Amino acid sequence: MNTLPEHERSTGARPAGITTEQAAATSVQQMFDTIAPTYDRANHLLSVGIDHYWWTRTAKLFRPILQHPEAVALDLCCGTGDMTLALYHHRPHTPEAAPILAVDFSHQMLSRGAQKFAPYNIVPIEADALHLPIAANSVDLVTSAFGFRNLANYEEGLAELHRILRPGGQLGILEANQPEGLTGAIYNLYFKTILPKLGGLISGKPAAYSYLPASVERFPRPPRMIQLLKSAGFTNATWTSYTFGTAGLYHATKP
């Protein structure tokens, strides 16, 4: 479902010089494969450890769903699995509990996540977020932490998540945001000037960490993102600001 006029639609992630959805998806996939070996270390250092708080806070919100053994939860764009493990903390650790599904299209990122998942009831799935190998109306909860903005098409991504969720299922998209005012000025100084240099030094891939602030700047602001959620058929769409608006949680329900 997409009720937005053509001129109001968002495309999705576009690395510099990329113009088509397929090329964008391939470029982003390759980029994450190359930074996978240093991703965890860079992520924690560059966020000054605040990323742990964001994952924990988000997972706690969905505890009422996660505590049901039969509930099916899917963590989209799971990367190396930190959000997935935060969700797992709230799952019943019993034989009859459904596994958490951890989905990513970067083989190298998912391989590192799978190593973390090995002792737990978590199933890694290598798949494209726009074409999930998941049955319609079969999932109770979908989360995505700092990965949704990398989709090549946001509307199609939301439509796919709406498809797999059961009626009454919930969606939680934790994403970076571009704050305004003084906070925004300080944020831009760090995010656009310092972070790319540090990320490049840590990973040896400076282009990847130049893409990061550009992808946040391009991503829809909260009012627009809520509009996209409603257009995709979700209800009760909200955005909760985290850490002075530098990140936040989009929360919505499939009616």
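Two strands pair if DSSP finds at least two bridges between them. Keep that in mind for this tour of a predicted model.

**Stop 1: strand E1.** Select residues 73-76. Ala-73 and Asp-75 point one way, while Leu-74 and Leu-76 point the other way. All four are buried. In a regular strand, side chains alternate between the two faces of the sheet.

**Stop 2: the partners of E1.** Add strand E4, residues 139-145. E1 and E4 run parallel, joined by four bridges. Pick Leu-74: its bridge partner in E4 is Val-142. Now add strand E2, residues 100-104. E2 is also parallel to E1, again with four bridges. Here Asp-75 has Ala-102 as its bridge partner. Trace the chain from E1 through helix H5 (residues 82-88) to E2: this β-α-β crossover is right-handed.

**Stop 3: the nonpolar cores.** Select Phe-32, Trp-55, Met-83, Phe-146, Leu-174 and Tyr-209. They touch the most other members of the largest nonpolar core, which has 44 residues. Centre on Tyr-209. Beyond its neighbours within four places in sequence, its contacts include Ile-35, Leu-46, Leu-195 and Pro-196. Then move to a second, separate core of 34 residues. Val-142 belongs to this second core, as do Tyr-154, Met-225 and Ala-252.

**Stop 4: the cysteines.** How many disulfides does a search of the whole structure find? Zero. Select Cys-77: the nearest cysteine sulfur is that of Cys-78, 8.2 Å away. A disulfide needs the sulfur atoms within 2.5 Å, so this pair does not qualify. Cys-77 is buried at 17% relative accessible area. Cys-78 is buried too, at 7%.

Definitions and conventions: Residues are numbered from 1 along each chain as its sequence is written. This is a predicted model: local features need pLDDT of at least 70, side-chain atom pairs count only at pLDDT 80 or more; totals for chains, interfaces and linings use all residues. Side-chain values use heavy atoms; hydrogens and water are left out. Buried means under 20% relative accessible area, exposed over 50%, partly exposed in between (1.4 Å probe, protein chains only). Helices (H or I, at least four residues) and strands (E, at least two) are DSSP runs, numbered from the N terminus. A crossover is right-handed if, with the strands pointing away from the viewer, the path from the first strand over the helix to the second runs clockwise. A nonpolar core is a set of buried Ala, Val, Leu, Ile, Met, Phe, Trp, Tyr and Cys residues joined through side-chain atoms within 4.5 Å. Contact means heavy atoms within 4.5 Å.
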